[in-house]
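Thanks for coming, everyone. I'll keep this quick. Please have a look at the model on the screen.

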Amino acid sequence: MNFATIKYYDISNGPGVRVSLYVSGCRNHCKNCFNPETWDFNYGEPFTKEVEDKIIEGLKPDYIKGFTLLGGDPFEPENQEVLAPFLERLRKIYPKKSFWCFTGYDYERHLLTGKLGNPDTVMRILNCLDVLIDGKFVEELKDLNLRFRGSSNQRIILVKPSLEEDKIVLWDGEKEL
């Protein structure tokens with residue numbers, strides 16, 4: 001897997017100051033995507049153990065609220081196999097930090113049904129996440145007033161309660177994430 005960039009002091013892809021990993025590779029090709037260079041699976045640099053260790057180090061300070069995964073698309077099958085063990089490692093080291101992920105895929109239609117990659121690997125990733133923002137960016141539904149989303153079709157899903165209750169639990173905008 002390749003990655004496009006890492007932001008060690010990101011304040012736009014989740015609450016608080018976060019470390020954000022932008023993976024390479026995306027088949028969604030949303031019109032007016034803000035990162036079209038990340039569609040190419042070969043874009044950027046290889047995601048190595050040394051890169052993992054730098055992210056782990058970057059998450060150490062108490063003022064870093066959490067980790068955000070975006071891209072490209074983390075749920076592309078080529079990315080899943082690398083990200084699942086990495087996220088499990090991160091979750092063990094930082095159980096109290098929040099883990100967010102952005103995907104152009106639909107939670108119910110693509111991720112929970114096993115239609116995208118390895119179903120067990122998808123569940124390993126989901127089990128590490130606190131929040132999933134799903135859905136393609138749709139230019140015609142673009143809304144600059146939305147928090148953490150680009151278009152109104154995208155949802156902010158609370159992953160753990162959604163998995164536990166076997167139904168979609170959306171963030172209501174009130175509870176701190």
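Which residues have the most contacts inside the largest nonpolar core? Keep in mind that this is a predicted model. The names to look for are Leu21, Ile55, Phe67, Phe75 and Leu132, in a core of 34 residues. Who supplies that core? At least two residues each come from β1, β2, α1, β4, α2, β5, α3 and α4. Helix α2, residues 77–93, gives the largest share, five residues.

Take Ile55 as an example. Leaving out residues up to four places away in sequence, Ile55 touches Ile6, Tyr8, Val19, Leu21, Phe47, Phe67 and Phe86. Keep Phe47 and Phe86 in mind. They come back shortly.

There is another core, apart from this one. It has 11 residues, including Tyr22, Phe102, Ile156 and Leu158.

Now the sheet. It is open, with seven strands and mixed pairing. Read across, the order is β3-β1-β2-β4-β5-β6-β7. At the edges sit β3, residues 45–46, and β7, residues 155–158. Each of these pairs on one side only.

Look further in, at β5 and β6. These two strands run parallel, joined by three bridges. Cys101 has Leu132 in β6 as its bridge partner. Leu132 was also on the list of residues with the most contacts in the largest core.

What does α2 touch on the sheet? It packs against β2, β4 and β5. The direction of α2 makes about 175 degrees with that of β4.

On to the aromatics. The count is six aromatic pairs. Start with Phe3 and Phe47. Their centres are 6.2 Å apart, with 80 degrees between the planes, an edge-to-face pair. Why does this pair tie together separate parts of the chain? Phe3 is in strand β1 and Phe47 in the loop between β3 and α1, so the pair bridges 44 residues of sequence. Buried or exposed? Phe3 has 7% relative accessibility, so it counts as buried, the cut-off being under 20%. Phe47 is buried too, at 10%.

Phe47 has a second partner, Phe86. Here the centres are 5.1 Å apart and the planes at 75 degrees, so this pair is edge-to-face. Again, distant parts of the chain are linked: Phe86 is in helix α2, 39 residues from Phe47. Phe86 is buried, with a relative accessible area of 1%.

Put the rings together and you get a cluster. Ring pairs link Phe3, Phe47, Phe67, Phe86 and Phe99. Of these, Phe67 is also among the residues with the most contacts in the largest core.

Terms used. Residues numbered from 1 in each chain as written. Predicted model: local features only at pLDDT ≥ 70, side-chain atom pairs only at ≥ 80, totals over all residues. Heavy atoms only, no water. Core = buried A, V, L, I, M, F, W, Y, C linked by side-chain atoms within 4.5 Å. Buried < 20%, exposed > 50% of the residue type's maximum accessible area, 1.4 Å probe, protein only. Helix = DSSP H or I, 4+ residues; strand = E, 2+ residues; numbered from the N terminus. Contact = heavy atoms within 4.5 Å. Pairing = 2+ DSSP bridges. Axes fitted to C-alpha atoms, helices over the stretch in contact; angles between N-to-C directions. Phe/Tyr/Trp six-rings, centres within 6.5 Å; stacked < 30°, edge-to-face > 60°.
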